[in-house]
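Here are my notes from going through the model, as promised. Have it open while you read.

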Amino acid sequence: MEKVREVRKLSDISIYMYRPFEGKDAVIIEGFPSVGLVSMLAAGYIVSNLKLKKLGVIVSPHMPMVSVITQGTPSHPIRIYGNDKVVVFISEFYPPDKLILPLTQKIFEFMNAYECKVIITTEGIESGGEISKDVNVYGIATTEEYREKLKDLGIPLLYDAILTGVTGMLLNEGERTRRNVVGLIAESHKEYPDARAAAKIVEKISALVNLEIDVEPLYQEAEVLERKIKSQLEKAKPHIEKHRYMGMFA
């Protein structure tokens with residue numbers, strides 16, 4: 001009986017639309033936090049660059065009880081932005097594990113209701129090593145149609161990996177229900193917001209679904225951020241080496 005009650009509680013997640021949406025064949029882009037905040041940065045940049053309007057929100061008692069203030073307006077943590085070509089689901093907060101499946105099912109409900117053609121889910125995976133301008137992006141798709149599209153764009157397919165959270169469940173449910181879901185996974189750094197990896201993701205999305213998005217400002221932001229980080233690392237290096245040296249005799 002307790003399990004039944006829990007299932008009912010988890011179904012208490014709703015989409016509230018603020019304005020009519022007429023976007024048949026639109027593309028859905030998911031942007032929840034990931035390694036290097038790649039997904040959130042990419043989704044946020046698309047919202048800003050395309051000047052997408054807020055279409056609605058997803059409300060659940062299982063999300064953090066916070067108000068996200070954007071452009072002077074309060075909002076629930078999970079927002080929906082879009083136009084007649086693209087819809088973005090974005091949040092600064094990662095949903096708790098028990099909410100991930102109901103949340104992905106709501107996204108699919110939206111896809112069905114408005115006859116959207118594909119969901120693009122994005123993810124960062126830890127790259128390690130030093131800051132590099134070479135960012136690898138891998139792809140995975142639930143249908144042969146989009147696997148061929150990835151190959152045509154020269155995006156290497158991901159063959160062996162474990163993807164968790166929203167990305168993993170969107171792919172799983174897409175495969176189970178035979179709907180178009182594409183995962184774009186970029187190598188990124190976990191220690192700081194990786195704007196370069198986000199820019200690479202945006203480039204691939206733009207090419208995959210024919211969106212005109214200027215990513216140059218995002219690359220410029222990456223250059224500034226990387227210079228700051230390299231400078232900070234150089235300043236910290238003597239202190240790090242000192243502690244390592246002293247640690248040998250601890």
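**Notes on the model**

1. In H6, the buried residues (under 20% relative accessible area with a 1.4 Å probe, protein chains only; over 50% is exposed, and in between is partly exposed) are Ala 195, Arg 196, Ala 197, Ala 198, Ala 199, Ile 201, Val 202, Ile 205, Ser 206, Leu 208 and Val 209. That makes 11 of the 15 residues of H6, so the helix is largely enclosed by the rest of the structure.

2. A word on what you're looking at: this is a predicted model, where local features need pLDDT of at least 70 and side-chain atom pairs count only at 80 or more, while totals for chains, interfaces and linings use all residues. Residues are numbered from 1 along each chain as its sequence is written, and side-chain values use heavy atoms, with hydrogens and water left out. Helices (H or I, at least four residues) and strands (E, at least two) are DSSP runs numbered from the N terminus.

3. Does the length of H6 come out as expected or not? The expected span is 1.5 Å times one less than the number of residues. For residues 195-209 that gives 21 Å, and the end C-alpha atoms are 21 Å apart, so the two agree. Just after H6, Asn 210 takes a positive phi of about 60°.

4. H6 also packs against helix H2 (residues 38-49), at about 55° and with the axes 8 Å apart. Axes here are lines fitted to C-alpha atoms over the stretch in contact, and angles run from 0 to 180 degrees between N-to-C directions. The pair is therefore oblique (under 35 degrees is roughly parallel, over 145 roughly antiparallel, 65 to 115 roughly perpendicular, the rest oblique). On the H2 side, Val 38, Leu 41, Ala 42, Tyr 45 and Ile 46 make the contacts (heavy atoms within 4.5 Å), and their partners in H6 include Ala 198, Ile 201 and Ile 205.

5. Now go to Ser 75, in strand S5 (residues 73-75). Ser 75 is buried, at 6% relative accessible area. Not counting residues up to four places away in sequence, Ser 75 touches Lys 54, Val 57, Val 66, Ser 67 and Val 68.

6. Last one: Leu 157 sits in the loop between helix H4 (144-152) and helix H5 (165-177). Although it lies in a loop, Leu 157 counts as buried, at 17% relative accessibility. Leaving aside neighbours within four places in sequence, Leu 157 is in contact with Gly 139, Arg 147, Leu 150 and Lys 151.
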